[in-house]
Amino acid sequence: MKNRFVIVALGVIACMTAFAVDYTWTGGAGDGKWTTPGNWGVASGYPSTDADYVMFNGDAEVTLDTGTITELSHMKISAGEVTLNATDGSVLSFRKNATTDASGIIVADGAKFNLNAPVKQEKKRLDKWGQGTLEISGS
């Protein structure tokens with residue numbers, strides 16, 4: 001019986017991680033909108049779940065235009081200056097999930113992240129790692 005429980009638990013975890021997606025901003029669509037799949041380096045969709053990991057590798061100005069709370073696992077700014085603005089009703093949230101032990105923003109040395117979007121955190125805490133600069137002006 002114990003072995004069945006372990007097998008079922010491992011299966012559930014495997015299914016949960018199967019839906020996690022790493023999204024890298026390319027800006028390929030040219031409109032700067034978060035919800036435009038062509039702006040992300042994946043086949044379809046855009047970051048929208050607490051399993052998703054978002055990466056920016058250079059300068060970008062992005063508008064979070066979901067009109068709702070967008071939960072992510074992590075966001076990393078590895079180079080350049082990234083500015084994230086938001087339309088009315090669009091809110092960013094970082095949340096731990098079954099496969100991560102932390103959540104938040106990573107800003108690499110020499111990079112800068114301008115967060116001009118509302119942030120909602122369940123634990124009233126936003127974690128930032130790295131030697132880069134994080135400026136928050138959202139509400």
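Start with the whole chain and its contacts: of those in the protein with a separation of 6 or more, 44% are between residues 24 or more positions apart. This is a predicted model, with a mean pLDDT of 83 for the protein and 79% of its residues at 70 or more. Keep everything selected for the overall counts. The protein has 139 residues, of which 33% count as buried. About 7800 Å² is exposed, and carbon and sulfur atoms supply 52% of that area.

**Colour by element, then by pLDDT**

Switch to a cartoon view. The protein holds one helix and eleven strands, and from the N terminus on the order is α-β-β-β-β-β-β-β-β-β-β-β. Now colour by pLDDT. Which of the elements has the lowest mean pLDDT, and which the highest? Helix 1, residues 2–18, is at the bottom with 44, while strand 3 is at the top with 98. Select residues 5–18: the pLDDT is below 50 over this stretch, which has two contacts in the model beyond near neighbours in sequence.

**The five-stranded sheet**

Select strands 1, 2, 5, 8 and 10. These five strands form an open sheet in the order 1-2-5-8-10, with parallel pairing. Strand 1 and strand 10 (128–129) are at the edges; each has a single partner strand, so one side of each is left without a neighbour in the sheet. Next, narrow the selection to strand 2 and strand 5. Strand 5 covers residues 74–77 and is joined to strand 2 by four bridges, the two running parallel. For a residue pair to label here, take Tyr 53, which stands opposite His 74 in strand 5.

**The four-stranded sheet**

Select strands 3, 6, 9 and 11. They make up an open sheet of four strands in the order 3-6-9-11, and the pairing is parallel. The edges are strand 3 (60–64) and strand 11 (133–136); with a single partner strand each, they have one side left without a neighbour in the sheet. On average, neighbouring strands of this sheet are turned by 15° against each other, direction ignored.

Keep strand 9 and strand 11 in view. Strand 9 spans residues 112–116 and runs parallel to strand 11, with four bridges joining the two. Label Phe 113 and Leu 134: Leu 134 is the bridge partner of Phe 113 in strand 11.

Show the side chains of Glu 135 and Lys 112 as sticks. The two form a salt bridge, with the closest N and O atoms 3.4 Å apart. Glu 135 lies in strand 11 and Lys 112 in strand 9, so the pair ties together parts that are 23 residues apart in sequence. Are these two residues buried or partly exposed? Glu 135 is partly exposed, with a relative accessible area of 40%. Lys 112 also counts as partly exposed, at 25% relative accessibility.

**Strand 4 and strand 7**

Select strand 4 and strand 7. They pair in the parallel sense over four bridges. Label Leu 72 and Phe 94: Phe 94, in strand 7, is the bridge partner of Leu 72. Then show the side chains of strand 4. Thr 70 and Leu 72 make up the covered face of strand 4, and Ile 69 and Glu 71 the uncovered one. Glu 71 counts as partly exposed, at 23% relative accessibility.

**The salt-bridge network**

The structure holds three salt bridges. Side chains of opposite charge can pair when their charged atoms come close. To finish, select Asp 50, Glu 71 and Arg 95, which are linked in a network of salt bridges.

Centre the view on Arg 95, which is partly exposed with a relative accessible area of 33%. Its side chain meets that of Asp 50 in a salt bridge of 3.3 Å, N to O. What does this pair tie together? Arg 95 lies in the loop between strand 7 (91–94) and strand 8 (104–107), and Asp 50 in the loop between strand 1 (22–24) and strand 2 (53–56), so parts 45 residues apart in sequence are tied together.

Now turn to the pair of Arg 95 and Glu 71. Their closest N and O atoms are 3.4 Å apart in a salt bridge. Arg 95 lies in the loop between strand 7 and strand 8 and Glu 71 in strand 4 (residues 69–72), so this pair ties together parts that are 24 residues apart in sequence.

Key. Residues are numbered from 1 along each chain as its sequence is written. This is a predicted model: local features need pLDDT of at least 70, side-chain atom pairs count only at pLDDT 80 or more; totals for chains, interfaces and linings use all residues. Side-chain values use heavy atoms; hydrogens and water are left out. Two strands pair if DSSP finds at least two bridges between them. Axes are lines fitted to C-alpha atoms, for helices over the stretch in contact, and angles run from 0 to 180 degrees between N-to-C directions. A salt bridge is a side-chain nitrogen of Lys or Arg within 4 Å of a carboxyl oxygen of Asp or Glu. Buried means under 20% relative accessible area, exposed over 50%, partly exposed in between (1.4 Å probe, protein chains only). pLDDT is the predictor's confidence in each residue, from 0 to 100. Contact means heavy atoms within 4.5 Å. Accessible areas come from the Shrake-Rupley method with a 1.4 Å probe; for residues, only the protein chains shown count as cover.
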